[in-house]
Amino acid sequence: MSLDFYPSANDLIESELSVLNHLRNDTYIKENHYHLADAANKYYARSKANYESGFEFFSYFDMWHRPAHQGKLKLARRGMPPPNLRLVVASLIRLKKGVFQNVTYCLAVCRLGRTGFPILRKFHFDITFSSGDGKKKSQAHPSCHLQYCGEMLPAMAEMGVLETQINQLNPWLSEPRLFSPPMSLALLVDMAFHEFPDQRSTKFRDTSAWKDLIRKQEALVLKPFYQKCLDVIVDIHDQKQTLADVFYVD
């Protein structure tokens, strides 16, 4: 089932492929985050070859992040401190006969340690579509929402994240699902670099090529969403609906 504020499957996947194409060719990404560049290259080829089944991406990049309680002492170091966090970015767009079945984006923050990668944070940005078969879910929830923490991603387990670590975050508890704007791959990567910045990543985000990609994805997935929110709030159709009336699905 489609959502009137969400792009078509073809438009969304074409947009995501353009992001992968940029990540696999960008000099900063290749020189500083080769895992991200390699994954972009691999998944670009895979999605191009199997377009009708959807889109999938999983990768990570390591960054250094100064805890607030350390004050300015760490900034006195010469050069760039070694990474202490691993940021996982993932996406899954599942289609059936060209129709959306599920869309999810994941951001996980893991600690870089001597053994394994303990999970510090894990978020899912999901789009939920009504099945259209008349069967209601146990509970309605927002068609676009943010969820903490979600289930273990198989690729994260392959990376070395232990099931016992994610179990400490109680993934069985799906609620609350927080109403939030739709996500996309470029917006997710941009947010990760924005929240865990360094001088090099900031320069990358400021390049005209990357900003053009961000603006295109904002226009594709955010502009129609915010327009629908505005239409509901100003009540142009005099239906006296709330955002929850419109965006919650069974």
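**Exercise 1.** In this predicted model, locate H124 among the secondary-structure elements, decide whether H124 is buried or exposed, and describe its surroundings.

*Solution.* Begin with the element: H124 is found in strand β4, which covers residues 119–127. Next, take the relative accessible area, which is 8% for H124; since buried means under 20%, H124 is classed as buried. Then turn to the side chain, where a polar contact of 2.7 Å links H124 with the side chain of K122. Finally, setting aside neighbours within four places in sequence, the residues in contact with H124 are T104, Y105 and C106, then H145, L146 and Q147, and also C149, G150, E151 and L153.

**Exercise 2.** Which peptide bond that involves C149 is cis, and where does C149 lie?

*Solution.* The bond to inspect runs from Y148 to C149, and with omega near 0° it is cis. As for its place, C149 belongs to the loop between β6 (144–148) and α4 (154–159). This ties back to the previous exercise, because C149 is among the residues in contact with the buried H124.

**Exercise 3.** Find the residue that is joined to P176 by a cis peptide bond, and name the elements on either side of the loop that holds P176.

*Solution.* The partner is E175, and omega of the bond between E175 and P176 is about 0°. The loop in question lies between α5 (163–167) and β7 (178–179).

**Exercise 4.** Compare the backbone and the exposure of D235 with those of K240.

*Solution.* Start with phi: the value for D235 is near 55°, positive in a residue other than glycine, and phi of K240 is likewise near 55°. Then consider position: D235 sits in the loop between α8 (208–234) and α9 (243–247), and K240 also lies in the loop between α8 and α9. The last step is accessibility, where D235, with a relative accessible area of 23%, is partly exposed, whereas K240, at 66%, is exposed.

**Exercise 5.** Characterise the packing of helix α1 against helix α3 by geometry, handedness and residues in contact.

*Solution.* For the geometry, α1 (residues 9–25) and α3 (residues 34–49) pack at an angle of about 145°, and their axes are 8 Å apart. The crossing of these two helices is left-handed. On the α1 side the contact is made by L17, L20, N21, L23 and R24, which meet A37, A40, N41, Y43, Y44, S47 and K48 of α3. Sorting the residues of this contact by character gives seven nonpolar, three polar and two charged.

Key:
Residues are numbered from 1 along each chain as its sequence is written. This is a predicted model: local features need pLDDT of at least 70, side-chain atom pairs count only at pLDDT 80 or more; totals for chains, interfaces and linings use all residues. Side-chain values use heavy atoms; hydrogens and water are left out. Axes are lines fitted to C-alpha atoms, for helices over the stretch in contact, and angles run from 0 to 180 degrees between N-to-C directions. Helices (H or I, at least four residues) and strands (E, at least two) are DSSP runs, numbered from the N terminus. A crossing is left-handed if the near helix is turned anticlockwise from the far one by less than a right angle, and right-handed if clockwise. Contact means heavy atoms within 4.5 Å. Ala, Val, Leu, Ile, Met, Phe, Trp, Tyr, Cys and Pro count as nonpolar, Asp, Glu, Lys and Arg as charged, and the others, Gly among them, as polar. Buried means under 20% relative accessible area, exposed over 50%, partly exposed in between (1.4 Å probe, protein chains only). A polar contact is a pair of N or O atoms within 3.5 Å; within protein, one must be able to donate a hydrogen and the other to accept it, and residues adjacent in sequence count only if both atoms are side-chain atoms.
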